[in-house]
Amino acid sequence: MFIVIAVIVSVLLVGADQFFKFLVVEHLSDGGYFTVIEGVLRFRYVENSGAVFGSFSNHTVLLTIFSVLLLAGAIFLLVTNKNRAKFMNICLVLMISGGIGNIIDRIRLGYVIDFIEPTFVNFAVFNFADCLITVSAFLIIGYLIYDFIKDVIRVKNKYRNSDTVTVTADSVENTESNNGTE
């Protein structure tokens, strides 16, 4: 049942991404922009032939192949349920949706349409799909850190509560001197 819901959510998110990009092309591709919050955020049409923040410009074929491989890996993890944590599966759905949204642009146009521009800081222009990918990546990293810390604490508590005795060189010397074997 989760896969059906994941597909529906992904279709909706990809649809939203493509719809936002359609609106931007229709209304802002002439070089204009739309201020959302003065001094904070505006929408502006940008063609990005590279990867994140415009890196690897003009390597669209390589980026498309790499993106498709990463996307296939994420879909494999989701479909085969290799990952048992529901939170991670939700993150994968977000990441897959963002990846599909940008791959559609790369294949269809040869570039990705970016339009979200923070104006309060000198930062790259990005799109809704990038937001899905970035948010899911940070959530996955946070979850993995949390899971690692939880495992360390569990192991630490297991050894603290066990009857295991740790033998060190000092404890052996002290035992020998107390037994008069020196």
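Begin by selecting L77, which lies in helix α2, the helix that covers residues 60-79. This is a predicted model, and in it L77 has a relative accessible area of 36%, so that L77 counts as partly exposed. Keep L77 selected and add M88, which stands 11 residues away along the chain, and the distance between the two C-alpha atoms will come to 9.9 Å.

Now zoom out to the whole chain, where the secondary structure comes to 5 helices and 3 strands. If you follow the chain along the sequence, these elements appear in the pattern α-β-β-α-α-β-α-α. Colouring by burial would show that 29% of the 182 residues count as buried, while the accessible surface of the chain comes to about 12200 Å², with 67% of that surface belonging to carbon and sulfur atoms. Among contacts between residues at least 6 apart in sequence, 64% join residues at least 24 apart.

Next, select helix α3, residues 86-109, together with helix α4, residues 128-160, whose axes come within 8 Å and cross at roughly 155 degrees. How are α3 and α4 oriented to each other? An angle over 145 degrees counts as roughly antiparallel, and α3 and α4 are therefore roughly antiparallel to each other. As you turn the view, note that α3 passes α4 in a left-handed crossing. To see the contact itself, show the side chains of α3 residues including F87, M88, C91, L94 and M95, and of α4 residues including L132, I133, I140, Y143 and L144. G98, G99 and G101 are also among the α3 residues that meet α4. The residues of this contact divide into 13 nonpolar, 6 polar and 1 charged.

Keep α3 in view and bring in helix α1, which packs against α3 at an angle of about 40 degrees, with the two axes 9 Å apart. At that angle α1 and α3 are therefore oblique to each other, and α1 passes α3 in a right-handed crossing. Residues to select on the α1 side include F2, A6, V9, L13 and V14, and those on the α3 side include I90, V93, L94, I100 and I104. The charged residues D17 and K21 of α1 also take part, as do D105 and R108 of α3. By class, the contact of α1 with α3 has 11 nonpolar, 6 polar and 4 charged residues.

Then hide α3 and leave α1, residues 2-28, on display with α4, since the axes of these helices also come within 8 Å, crossing at roughly 140 degrees. That makes α1 oblique to α4. Which residues make the contact? On α1 they are L13, A16, D17, F20 and K21, and on α4 they are F128, A129 and L132. By class, this contact of α1 with α4 has 6 nonpolar, no polar and 2 charged residues. With both selections in mind, L13, D17 and K21 of α1 can be found in the contact with α4 and again in the contact with α3.

For the last stop, bring α3 back and select L109, which has its place in that helix. Is L109 buried or exposed? L109 has a relative accessibility of 29% and therefore counts as partly exposed. Adding E47 to the selection brings in a residue 62 positions away in sequence, yet the C-alpha atoms of L109 and E47 are 9.5 Å apart in space.

Definitions and conventions
Residues numbered from 1 in each chain as written. Predicted model: local features only at pLDDT ≥ 70, side-chain atom pairs only at ≥ 80, totals over all residues. Heavy atoms only, no water. Axes fitted to C-alpha atoms, helices over the stretch in contact; angles between N-to-C directions. Helix = DSSP H or I, 4+ residues; strand = E, 2+ residues; numbered from the N terminus. Parallel < 35°, antiparallel > 145°, perpendicular 65-115°, else oblique. Left-handed = near helix turned anticlockwise from the far one by under 90°. Contact = heavy atoms within 4.5 Å. Buried < 20%, exposed > 50% of the residue type's maximum accessible area, 1.4 Å probe, protein only. Areas by Shrake-Rupley, 256 points an atom, 1.4 Å probe, with all protein chains shown as cover.
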